[in-house]
Amino acid sequence: MTLNEIDGMKIIMPKVDPGWVDQIILCDGGSTDGTVEWAKAQGMTVYVQSRPGFRRGYLEVWPLIEGDVVLTFSPDGNSLPEKIPELLARIEDDYDMVIASRYAGDAESEDDSLLTGFGNWLFTKTINVLFGGRYRDSLVIFRAYRKDMAERLELADDGAFAPVEKLFGIGSRILSWEPLMSARAARYGYRVAEIPASEPPRIGGQRSFNLLLWAAAYYLQFLIEFARPKKAVTVQETINGLSTVSARERSSGVPMSMNGASEVTAWMVSGARA
Ligand SMILES: Nc1nc2c(ncn2[C@@H]2O[C@H](COP(=O)(O)OP(=O)(O)O)[C@@H](O)[C@H]2O)c(=O)[nH]1
Ligand SMILES: [Mg+2]
């Protein structure tokens, strides 16, 4: 995902091994600093959004994604490329979502201010309390997830976004979907893991949204989601070629740690999948 990230791109993209994934798509929100031209010159597949906004980017680029797993990455210095293989390896362990957590294990964010550090803590705590999650980092963009999870969580449905965007006057730079994705994934019992991944400072460019407005809008989204009746639970799905009808009811969360306690900690919810 890029919006005027030429400085970061030049340093970060050479560290991304194309062999790690099947496909890399640069989704650009309308850069005017040469990001797109540089990426094309490197031979990258570039998609330029018709309108700005993170979520719009995801929606527009969605039909171009060939695989079952999506990994979202900011080449602005905040996401460590060397964590990509680990995120994908965890997905292979049959998780629905794996988050590069800035607050797990020995990871830390060097990009946080006092305000964003507190905000991240508060939001994550709220999701955990309201929806039974065990997140340490519920907001970060840097994560991998199954495409069908995002679809079942109905994140493309504007109804959960447009009213709060309007209320807070968010304008064309519409909200992203990670916070609601984390909330719903916990609520509906998807299997989530986190790996520790520090967040280095941003390289060049600048943050592209109004922090307080977005925070208020996301928080209201959580409350609306909490007030919304839980979907009745039978979801038709196909797992390993078998068509099953499974209850996506959450039951008791079972914390577990893998690969040596402090290396990777993960939580999963028992009974999440039939
Ligand atoms: N495709 C796309 N990328 C965007 C847009 N807005 C921001 N980005 C990129 O998304 C990434 C995360 O944005 P950033 O402002 O750094 O958010 P932060 O790291 O959470 O502070 C960066 O690589 C931005 O360049 C957009 O409208 N469309
Ligand atoms: Mg960033």
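In this predicted model, the buried residues of helix H4 pack against four strands: E3 (69–72), E4 (97–101), E5 (143–146) and E6 (192–196). Helix H4 itself runs over residues 84–92, and its buried members are Ile 84, Leu 87, Arg 90 and Ile 91. Looking around the helix axis, these residues cover an arc of only 130 degrees, which puts them on the same side of H4. After H4 comes Asp 94, and its phi is positive, near 80 degrees.

Helix H5 tells its story in a few more steps. H5 covers residues 114–131, and a quick sanity check on its length works out nicely: at 1.5 Å a residue, its 18 residues should span 26 Å, and the end C-alpha atoms are indeed 26 Å apart, so the two agree. The buried residues in H5 are Asn 120, Phe 123, Thr 124, Ile 127 and Phe 131. Seen down the axis, the buried residues of H5 fall within an arc of 95 degrees, so they line one face of the helix. That buried set packs against two other helices, H8 (178–187) and H9 (211–227). Flip to the face of H5 turned away from the buried side, and the exposed residues there are Leu 114, Leu 115, Phe 118, Leu 122 and Val 129. Following H5 is Gly 132, with a positive phi near 70 degrees.

Zooming out, the chain has 9 helices and 10 strands. Of its 274 residues, 40% count as buried. Contacts in the chain often link residues far apart in sequence: among those with a separation of 6 or more, 74% are between residues 24 or more positions apart. The largest nonpolar core has 57 residues, and the ones with the most contacts inside it are Met 97, Val 98 and Ala 185. Leaving aside residues up to four places away in sequence, Ala 185 touches Asp 96, Met 97, Met 149, Leu 153, Tyr 190 and Val 192.

That leaves the ligand. Around ligand 1 there are 20 residues, and the ones that come nearest are Met 1, Leu 3, Gly 29, Gly 57 and Ser 74. Strand E1 (25–28) and helix H3 (54–61) each supply at least two residues of this shell. Sorted by class, the shell around ligand 1 is a mix of 7 nonpolar, 8 polar and 5 charged residues.

Definitions and conventions. Residues are numbered from 1 along each chain as its sequence is written. Chains are lettered from A and ligands numbered from 1 in the order in which they are written. This is a predicted model: local features need pLDDT of at least 70, side-chain atom pairs count only at pLDDT 80 or more; totals for chains, interfaces and linings use all residues. A residue is near a molecule or strand if its C-beta atom, placed from the backbone, lies within 6 Å of it. Ala, Val, Leu, Ile, Met, Phe, Trp, Tyr, Cys and Pro count as nonpolar, Asp, Glu, Lys and Arg as charged, and the others, Gly among them, as polar. The expected span of a helix is 1.5 Å times one less than its number of residues. A residue is buried if 20 or more other C-beta atoms lie within 10 Å of its own, exposed if 12 or fewer, and partly exposed in between; C-beta atoms are placed from the backbone. The arc is that of the directions from the helix axis to the C-beta atoms. Two residues are in contact if their C-beta atoms, placed from the backbone, lie within 7 Å. A nonpolar core is a set of buried Ala, Val, Leu, Ile, Met, Phe, Trp, Tyr and Cys residues joined through C-beta atoms within 7 Å.
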